[in-house]
Amino acid sequence: MHTPKLFEPLSVGSLELANRIVIAPMCQYSAVDGCMTDWHLMHLGQLAASGAALLTIEATAVVPEGRISHADVGLWDDATEAAMGRTLQAIRQWSDMPIAIQLAHAGRKASTEVPWCGGAQIAPGDPNGWQTVAPSAKAYLPDERPPEAMDRSAMIAVRDAFAESASRSARLGIDAIQIHAAHGYLLHQFLSPLSNQRDDEYGGSLENRMRFPLEIMDAVRDAFPADRPVSVRVSGTDWVDGGWDLEQTIAFSRALEARGCAAIHVSSGGLDPAQSIPVGPSYQVPLARGVKQAVSIPVIAVGLITDYEQAEAIVGTGDADLVALARGILYDPRWPWHAAAHLGASVSVPNQYLRSQPRTFPKLFK
Ligand SMILES: Cc1cc2nc3c(=O)[nH]c(=O)nc-3n(C[C@H](O)[C@H](O)[C@H](O)COP(=O)(O)O)c2cc1C
């Protein structure tokens, strides 16, 4: 029987993925002092039974002030490591889905309220707020308190924190790391000329703006076992004239590949409120295609990929090697089962659910 491309296995570095569907990182704003809670067990637990190839843990802050909000997950000390370890141990008892973690620092977009309470910036004096940092003292929104421009020692501390979180991830048995360099957070702030106005060797030319994110790549790669992949999530464009764009993303992706990056995950936007995004099905796929044509490591497309045929077409035509789902898999946590049924493939399911095998798809479950 012909296997649809969406259900063909793929290796990312030495990590073997059962199919081409990955679960994108999704902040849950449900942690306490950086520690995962029972919500994370429920949330990640149900997604670990979805039949996708890889589960990515939400943006996980490498230092407390790198959290988007006070309720973000972190991995910066023994307490945060233990909380994540407890969640992972419970999930692993019942699921063999590989697990990746997105390591992040929010930079000037940190210290905000959780989205369902409005998401506004919180001032440093408030118990849930702190002073933000960034490449330059330029706020995201004009009425926000500006971040402090990072000096070299602040940058070294953040680089070392990424490495430390990578070591903790390795100790937790996490299968892959995704470095968050997208969506206007700290590393993207270094990359984009709209947020990086430094006049040292970390600002100005493209080479200079890429320098700090590449140092993070090197530090994480060194700290994580060589047989486990490190990938990077990028914004393929700021969607603002004069900002970060596809051409620079391609140069960055090539530099990452040369440093041992195992995959590039291509999202977009988030850096500048002036962005004008042509939102629609597959709207970021052209950016993934552009990167895919320039590198030889796997490329992941994301953004309003909701339909089974649409996903099959993206990997089938070679626009990307994998698709990532976020909102679509929250809406339908069995999306990979339904895609398999629709396309005539099969997925792994927990033994406990085998009896849900529909009679019309005799080979849906492996
Ligand atoms: C609830 C929620 C939380 C998110 N959190 C993160 C995150 O932690 N890190 C990240 O890079 N993107 C995050 N995103 C963006 C998604 O990973 C994804 O790129 C975006 O939603 C577009 O994909 P979709 O159309 O399949 O939802 C989040 C999106 C949602 C809906």
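Two strands are taken to pair if DSSP finds at least two bridges between them. In this predicted model, that criterion is met by strand β3, spanning residues 21-23, and strand β4, spanning residues 54-61, which are joined in the parallel sense over two bridges. Within this pairing, V22 stands opposite L54 of β4. Both strands belong to a closed barrel of eight strands, which follows the order β3-β4-β5-β8-β9-β10-β11-β12 with parallel pairing. From one strand to the next, the twist averages 30 degrees.

The largest pocket encloses about 1100 Å³ of space, and its lining comprises 44 residues, among which Y29, K109, H183, Y185 and R233 lie nearest the centre. At least two lining residues are supplied by each of β4, β12 (322-325) and α9 (327-331), with the largest share, three residues, coming from α9. When the lining of the largest pocket is divided by class, 21 residues are nonpolar, 16 are polar and seven are charged.

For the second largest pocket, the computed volume is about 580 Å³, and 30 residues form the lining, of which A48, A49, W94, S95 and D96 lie nearest the centre. Here β2 (15-17), α1 (38-47) and α2 (78-94) each contribute at least two residues to the lining, and α1 gives the most, with four residues. The lining of this second largest pocket consists of 17 nonpolar, nine polar and four charged residues.

Technical notes
Residues are numbered from 1 along each chain as its sequence is written. This is a predicted model: local features need pLDDT of at least 70, side-chain atom pairs count only at pLDDT 80 or more; totals for chains, interfaces and linings use all residues. Side-chain values use heavy atoms; hydrogens and water are left out. Axes are lines fitted to C-alpha atoms, for helices over the stretch in contact, and angles run from 0 to 180 degrees between N-to-C directions. On a 1 Å grid over the protein atoms alone, a cavity is a set of points where a 1.4 Å probe fits but cannot get out, and a pocket is an open set with protein on both sides within 12 Å along at least five of seven lines; lining residues have an atom within 4 Å of a point. Grid points are joined across faces, edges and corners, and a volume is the space filled by probe spheres set on the points. Ala, Val, Leu, Ile, Met, Phe, Trp, Tyr, Cys and Pro count as nonpolar, Asp, Glu, Lys and Arg as charged, and the others, Gly among them, as polar.
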